[in-house]
Amino acid sequence: MEALLKSSEASHLADSLADLGVESLDDMALCNPGDLVADLKVDEDLAKKLVDGAKEAQLFEKRKTAIQSTWKAVGDSLGVEATKLFYKRLFEQYPDVVPMFGDADMDEQAEKLLKTVSLAVEYLKDVPALIPILEDLGAKHATDWKVQKEHYDAVGECLLWTLETGLGDAWTGDVAEAWTWVYGVIGSTMSGAGEKAYFEKRKEIIQSTWKTVGDSLGVEATKLFYKRLFEEYPEVVPMFGDADMDKQAEKLLKTVSLAVEYLNDMGELVPILQGLGEKHAKEWKVKREHYAPVGASLLWTLETGLGEAWTEDTADAWTWVYGVIADTMADAGDKAIAEEEKE
């Protein structure tokens, strides 16, 4: 009750609430916000915040009790066998995740998972302390093992199935709701932190390797790009007409450099790309299908220019960023042409 009043900046109401017989979260959850407005002379928003907060706290306690008691039951009956059962289900239902584990010792992996879930369950007593732990785990899973959001969905489905299987008749509607909720918190926190960490890793790779290409080749890199593009995709040559290709190479170098720099501020980059996409579509008739040859030629140029520095992670980062660039520009171009046709 004290924490609720403090978080709602209503600690000064403690004595008045006590006079009304409202001394616990259970008492507050039973209150009508309108009665609090009348009795305490507070505004409706605060009254509603207090009652809703008490109900949320009640629900949290109910969920926590269900999770901690059922996890203990699973541990007592199955122990590490529960997590082995989980991995068996995961690999059967989602075989595409198997390569992510490489030659890992799955008995050790099962022990790690058991400890991780046990830690999360224990830390439900202190959720603010749990969040940074989950964020660190999410960042590590993303950068070290390339775990993405869809993998958390698969893990969640298999974890809930394992718990249902292990608990049998004790798997009730309330228990299912509680575990679905807590895994939702775990999955969204870890995947959110993972996406952020993976973006930072990719950004660092892109910016450092583009600097390497610029230092070693400069504008020659973009000349090499156009040579490759015209050799492999001669159908695009007429789109350039009698353009000065040296100037065109300079423009491309500046455009890619701008995009690489603006990875520090994606909010600023997107409208720039949209403007470029609209201009390319309207003035040079660039269509969505033209972005694929450009991407293939750009990646080839980077691989050629970087040599041994073109690693799997580097290829992943550049493939990702070009995908963002191409999709954003192509979408803007399609929209611009569609609007022109309506006029």
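Is Lys285 buried or exposed in this predicted model? At a relative accessibility of 56%, Lys285 counts as exposed, because the cut-off for that class is a value over 50%. Lys285 is placed in the loop between helix α13 (266-284) and helix α14 (291-306), and its backbone carries a positive phi of about 60 degrees although the residue is not a glycine.

The setting of this residue is a chain in which 15 helices and 0 strands are found. The radius of gyration of the chain is 28 Å, well over the 20 Å that the globule rule gives for 343 residues, so the chain is more spread out than a compact globule. Along its principal axes, the C-alpha trace spans about 85 × 55 × 40 Å. Of the 343 residues in the chain, 36% are buried, and the surface that the chain exposes amounts to about 19,500 Å², with carbon and sulfur atoms supplying 53% of that area. When contacts between residues at least 6 apart in sequence are considered, 71% join residues that are at least 24 apart. The chain carries 36 positive and 66 negative charges, and the mean positions of these two sets are 3 Å apart.

A positive phi also occurs at Lys146, where the angle is near 60 degrees in a residue other than glycine. Lys146 lies in the loop between helix α8 (127-145) and helix α9, and with a relative accessible area of 25% this residue is partly exposed. Lys146 is also one of the contacts of His151, which, when neighbours within four places in sequence are left aside, is in contact with Val97, Met100 and Lys146. His151 itself is found in helix α9, which covers residues 149-167, and at 17% relative accessibility it counts as buried.

Aromatic residues form a further set of features, with 12 aromatic pairs held in the structure. One of them joins Tyr87 and Phe91 in a tilted arrangement, with 5.9 Å from centre to centre and 40 degrees between the planes. These two residues are 4 residues apart in helix α6 (residues 81-93), and they are therefore separated by about one helical turn. Their exposure falls into separate classes, since Tyr87 is buried with a relative accessible area of 8%, whereas Phe91, at 23% relative accessibility, counts as partly exposed. The pair also belongs to a wider arrangement, in which ring pairs link Phe86, Tyr87, Phe91 and Phe101 into a cluster.

Elsewhere, the rings of Phe230 and Phe240 have their centres 5.2 Å apart and their planes at 65 degrees, so this pair is edge-to-face. Phe230 lies in helix α11 (residues 220-232), while Phe240 lies in the loop between α11 and α12 (245-261), so the pair ties together parts that are 10 residues apart in sequence. At 22% relative accessibility, Phe230 counts as partly exposed.

Helix α11 also contains Thr222, which counts as buried at 4% relative accessibility. Not counting residues up to four places away in sequence, Thr222 touches Ala249, Leu252 and Leu253.

Val260, in turn, is placed in helix α12, and with a relative accessible area of 8% this residue is buried. Its contacts, once neighbours within four places in sequence are set aside, are with Ile206, Gln207, Trp210 and Trp318. Between Val260 and Tyr183, by contrast, the C-alpha to C-alpha separation is 36 Å in space, and the two residues are 77 residues apart in sequence.

Notes
Residues are numbered from 1 along each chain as its sequence is written. This is a predicted model: local features need pLDDT of at least 70, side-chain atom pairs count only at pLDDT 80 or more; totals for chains, interfaces and linings use all residues. Side-chain values use heavy atoms; hydrogens and water are left out. The radius of gyration is taken over C-alpha atoms; the globule rule is 2.2 Å times the number of residues to the power 0.38. Buried means under 20% relative accessible area, exposed over 50%, partly exposed in between (1.4 Å probe, protein chains only). Contact means heavy atoms within 4.5 Å. Accessible areas come from the Shrake-Rupley method with a 1.4 Å probe; for residues, only the protein chains shown count as cover. Lys and Arg count as positive and Asp and Glu as negative; His and the chain ends are not counted. The place of a charge is taken as NZ of Lys, CZ of Arg, CG of Asp or CD of Glu. Rings of Phe, Tyr and Trp (its six-membered ring) pair if their centres lie within 6.5 Å; planes under 30 degrees apart count as stacked, over 60 as edge-to-face and the rest as tilted.
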